[in-house]
Amino acid sequence: MATIRDVAQLADVSIASVSRILNRDPDYKATNETRERVLKAITALNYKPNPNYKKRNAETHASIGCISRLTVERTEDSYYHAILNGAQDYLRRQNYDFDFIVSQFDIMNEDSLNSLLARPSKGLILMDQPDEQTMKRLSSKIKCIVGIDSLQQSIDNVCYDRFEAGCQAMRYLIEKGHKKIAYIGAHISENVMSIGRYEAYLRMMRQNRLKVNPAWIIDSDWNREICFKKTVELMKLEDRPTALFVGSDHMAIAAMSALHTLNISIPDELSVIGISDIADAKYFNPPLTTIAIPQAEIGEIAASTLLQRIDGDLSLPKRIIVPTTLVERSSVARCKEQ
């Protein structure tokens with residue numbers, strides 16, 4: 001008997017695509033050619049959809065979870081929340097839902113981790129970078145895991161190219177005439193997740209023969225209070241930058257708040273660019289220029305990939321990289337200094 005996987009392989013599409021076409025998902029924008037290939041494959045294979053496919057039983061519904069991320073201050077991280085919403089919306093269209101959503105801090109607690117692992121979970125979306133021992137325990141109990149920007153090579157990952165996003169931001173500032181550019185990131189010397197953006201900063205500065213001032217490189221530890229204080233210290237230097245390249249919008253907004261307290265005009269006196277395009281970015285004063293990461297789409301791709309794994313996809317782990325785009329707003333101006 002033909003399976004939905006057989007249909008997907010013959011039509012050269014994903015299992016999720018077959019499902020959405022069969023279920024006439026109004027949000028799925030498949031081309032006529034794709035729909036025709038799927039329908040022809042169904043006819044050729046004499047595929048009969050499982051009548052229970054759309055109506056998952058309670059056990060299956062209670063089999064998917066997510067380890068999401070809070071900020072270091074343990075408050076909601078709007079970047080990861082947008083990804084979570086994208087994943088949840090997709091799952092609900094497929095008649096699934098998350099049985100549990102916990103934070104990275106929850107799995108640091110032994111009792112909480114034991115409780116999580118006691119659940120009969122089939123799938124997990126991972127937004128954290130757990131230590132090796134925790135990852136081994138998760139993998140031993142949960143068959144299908146998809147990471148969001150995780151460093152785990154044994155699982156599927158959905159991510160963006162941090163280096164390319166950093167180059168986009170730096171290229172824009174340099175095109176605007178800025179030569180004295182400061183960088184705000186986190187754990188710059190040791191955190192692998194920050195290397196892409198920091199290396200992009202260094203590469204673009206050196207490539208354009210611009211001086212890298214060590215005093216203009218700020219480690220914020222992804223903490224908004226630290227970012228605020230260090231931005232104030234930065235602006236008290238005699239030799240000040242004309243622009244800030246900040247590794248995330250959350251930190252960029254904290255830096256901009258510090259500039260407001262110092263009565264430094266943005267962008268007339270100092271330009272600021274961030275990365276991610278969180279929901280608040282366009283409402284700040286002035287609206288933040290940033291490199292947009294398609295957060296909801298990351299969640300949707302992660303959820304789709306997870307369902308494919310649950311449905312039997314045994315292919316090698318995939319690394320899916322989403323594109324990033326420049327969003328021009330009002331926080332960057334052409335540099336007046338010569």
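**Parallel strands, cores and local backbone features**

Strands β6 and β7 pair in the parallel sense, and three bridges connect them. Within this pairing, Ile 184 has Ile 218 of β7 as its bridge partner. The model is a predicted one. On its other pairing, β6 runs parallel to β8, with four bridges between them. Here Tyr 183 is matched with Phe 245 in β8.

Strand β6 covers residues 181–185 and is mostly covered, with five of its five residues buried. Its side chains split into two sets. Ile 181, Tyr 183 and Gly 185 point one way, while Ala 182 and Ile 184 point the other way. Both sets are buried.

The pairing continues from β8 to β9. Strand β8 (residues 243–246) pairs with β9 in the parallel sense over three bridges. Leu 244 stands opposite Val 272 of β9. Between these two strands the chain passes through helix α11, residues 249–261, and the resulting β-α-β crossover is right-handed. Strand β9 in turn pairs with β10 (residues 289–292), again in the parallel sense, over four bridges. In that pairing Ile 275 has Ile 291 of β10 as its bridge partner. Strand β9 spans residues 271–276, and six of its six residues are buried, so the strand is largely enclosed by the rest of the structure.

Several residues of these strands recur in the nonpolar interior. The largest nonpolar core has 71 residues. Those with the most contacts inside this core are Ile 125, Ile 148, Ile 181, Tyr 201, Leu 244, Phe 245 and Val 272. The surroundings of Leu 244 can be listed in detail. Leaving aside residues up to four places away in sequence, Leu 244 touches Leu 173, Ala 182, Ile 184, Thr 231, Leu 234, Ala 255, Leu 259, Leu 270, Ser 271, Val 272 and Ile 273. A separate core of 14 residues lies apart from the largest one, and includes Phe 100, Leu 126, Met 135 and Ile 155. In soluble globular proteins, nonpolar side chains tend to be buried together.

Chain-wide figures set the context. The protein chain holds 12 helices and 12 strands. It has 338 residues, of which 51% count as buried. Among contacts in the chain with a separation of 6 or more, 71% involve residues 24 or more positions apart.

Helix α3 was examined for its length and its faces. The helix runs over residues 32–45, 14 residues in total, and at 1.5 Å a residue these should span 20 Å. The end C-alpha atoms are 20 Å apart, which agrees. Thr 34, Val 38, Ala 41 and Ile 42 are buried in α3. Viewed down the helix axis, the buried residues of α3 fall within an arc of 100 degrees, so they line one face. An α-helix has 3.6 residues a turn, so residues three or four places apart point the same way. The other side of α3 carries exposed residues: Asn 32, Glu 33, Lys 40, Thr 43 and Ala 44. Asn 46 follows the helix and has a positive phi, near 55 degrees.

Two further residues other than glycine also have positive phi values. Arg 209 has a phi near 55 degrees. This residue lies in the loop between α9 (192–207) and β7 (217–219). Arg 209 counts as exposed because its relative accessibility is 81%, the cut-off for exposed being over 50%. For Trp 222, phi is likewise near 55 degrees. Trp 222 sits in the loop between β7 and α10 (224–235).

Cis peptide bonds occur on both sides of β9 in sequence. One joins Ile 266 and Pro 267, with omega about 5 degrees. Pro 267 belongs to the loop between α11 and β9. Another cis bond joins Asn 285 and Pro 286, where omega is about -5 degrees. Pro 286 is placed in the loop between β9 and β10.

Methods. Residues are numbered from 1 along each chain as its sequence is written. This is a predicted model: local features need pLDDT of at least 70, side-chain atom pairs count only at pLDDT 80 or more; totals for chains, interfaces and linings use all residues. Side-chain values use heavy atoms; hydrogens and water are left out. Buried means under 20% relative accessible area, exposed over 50%, partly exposed in between (1.4 Å probe, protein chains only). Two strands pair if DSSP finds at least two bridges between them. A crossover is right-handed if, with the strands pointing away from the viewer, the path from the first strand over the helix to the second runs clockwise. A nonpolar core is a set of buried Ala, Val, Leu, Ile, Met, Phe, Trp, Tyr and Cys residues joined through side-chain atoms within 4.5 Å. Contact means heavy atoms within 4.5 Å. The expected span of a helix is 1.5 Å times one less than its number of residues. The arc is that of the directions from the helix axis to the C-beta atoms.
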